[in-house]
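Open the model in your viewer and keep the sequence panel beside it. Each stop below gives a selection and then what is there.

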Amino acid sequence: MKRRFPIAVVFVVLAVVFAFASLIGCGAAERPDGGQGLLPVGATAPDVFAADQHGAIQRLSDQRGRAVVVYFYPKDGTPGCTEEACAFRDAWDRFKQANVQVFGVSSDTRESHEAFSTEHRLPFPILVDTEHTWATAFGVPMRLGTTARVTFLVDPDGKIAKVYPDVDPGVHADEVLKDAAQLTGAALPVAPAAGSAAPAGADTAAPGAGAAPAATPAGAAEPATTAPVATGTMLPPAAPATPPAKGSSPAKR
């Protein structure tokens, strides 16, 4: 018994180590196409599909003719994933203007996606990848059972145009929007100025205030020499009459 006990302990330790290594996902992921690691630029995007947070089926190949952002994230509700999702939400109108579709992908359940989407009012699909079909097809590694944070930009022909392996959740949406707009040939939509109806730096003075009058066109009659009045302003009231000096009597007729 004394000789067998250490051997049994060694086997248990090795089993735990291998199980932990598989959860961490050490090494490059093997893709269904036989490649290793992240799907490279120039490769054809896989024809995969999945249900979104509302139960609708989303197929990647149905988006041909427009650029597609596929961003993988670890888990609903965590600080970094929430920041990234809200950044895409805030830029969503500009993505639509540039004819770009956005898909978020993680291994969370549909119920988790639905709650996450409702809480943060996400207007784009987040896809259920509990079987890691999308992650495996794109070569995205798993870390402690969750999907690594990686983004792929797919061009209108269905080819991988750019891969973002190191993502800063706070600024990533603006970064990928700029690259996606170049693919579609759309002008980069400008974000509206927050809390201001007029563009930043716009002159809010009344029209004509402090500006020289426009030159009179050749051959036109000279305008009447009246004092200019700014449009929309009121004339000042007339000055009150000066009261008679103290002690003076009204003039006799």
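Is Arg94 buried or exposed? Select Arg94 and check: at 15% relative accessibility, this arginine counts as buried. Bear in mind throughout that the model is predicted.

**Stop 1: the whole chain**

Zoom out. The chain has 253 residues, and 34% of them count as buried. Colour by secondary structure to pick out 6 helices and 9 strands. Now turn to contacts between residues with a separation of 6 or more: 66% of these come from residues 24 or more positions apart. Salt bridges number 9 in the structure. Three of the stops below visit salt bridges.

**Stop 2: Arg94 and Asp174**

Go back to Arg94 and add Asp174. The two form a salt bridge, with 2.9 Å between the closest N and O atoms. Asp174 belongs to helix H6 and Arg94 to helix H3, residues 92–97, so the bridge ties together parts of the chain 80 residues apart in sequence. Compare how the partners are covered. Asp174 has 43% relative accessibility and therefore counts as partly exposed, whereas Arg94 is buried at 15%.

**Stop 3: helix H2 against helix H6**

Stay with H6 and show residues 172–184, then add H2, residues 79–90. How do two packed helices get described? By the angle between their axes and the distance between the axes. Here the axes come within 8 Å and cross at roughly 45 degrees. H2 is therefore oblique to H6. Show side chains at the contact. From H2, select Glu84, Ala87 and Phe88; from H6, select His172, Ala173 and Val176. Sorted by class, this contact has 4 nonpolar residues, 1 polar and 1 charged.

**Stop 4: Glu84 and Arg149**

Keep Glu84 selected and hide the rest of the contact. Which residue forms a salt bridge with Glu84? Add Arg149: the closest N and O atoms of the pair are 2.8 Å apart. Trace the backbone from one partner to the other. Glu84 sits in helix H2, while Arg149 is in the loop between strand S7 (146–147) and strand S8 (150–154). The pair spans 65 residues and links distant parts of the chain. Switch on a surface and look for Glu84. At 0% relative accessibility, Glu84 counts as buried.

**Stop 5: two cysteines, Cys81 and Cys86**

Select Cys81, then Cys86. Cys81 is buried, at 1% relative accessibility. Cys86 is buried too, with a relative accessible area of 13%. How many disulfides are there? The count comes to 0, taking sulfur atoms within 2.5 Å as the cut-off.

**Stop 6: Arg31 and Asp33**

Jump to Arg31 and add Asp33. They form a salt bridge, and 3.1 Å separates the closest N and O atoms. Look at the surface again. Arg31 is buried, with a relative accessible area of 10%. Asp33 has 53% relative accessibility and counts as exposed.

**Stop 7: Met142**

Finish at strand S6, residues 142–143, where Met142 lies. Is Met142 buried or exposed? Its relative accessible area is 15%, so Met142 is buried. Add Ser107 and draw a line between the two C-alpha atoms. Their separation is 9.7 Å, for residues 35 positions apart along the chain.

Conventions
Residues are numbered from 1 along each chain as its sequence is written. This is a predicted model: local features need pLDDT of at least 70, side-chain atom pairs count only at pLDDT 80 or more; totals for chains, interfaces and linings use all residues. Side-chain values use heavy atoms; hydrogens and water are left out. Axes are lines fitted to C-alpha atoms, for helices over the stretch in contact, and angles run from 0 to 180 degrees between N-to-C directions. Helices (H or I, at least four residues) and strands (E, at least two) are DSSP runs, numbered from the N terminus. Angles under 35 degrees count as roughly parallel, over 145 as roughly antiparallel, 65 to 115 as roughly perpendicular and the rest as oblique. Contact means heavy atoms within 4.5 Å. Ala, Val, Leu, Ile, Met, Phe, Trp, Tyr, Cys and Pro count as nonpolar, Asp, Glu, Lys and Arg as charged, and the others, Gly among them, as polar. Buried means under 20% relative accessible area, exposed over 50%, partly exposed in between (1.4 Å probe, protein chains only). A salt bridge is a side-chain nitrogen of Lys or Arg within 4 Å of a carboxyl oxygen of Asp or Glu.
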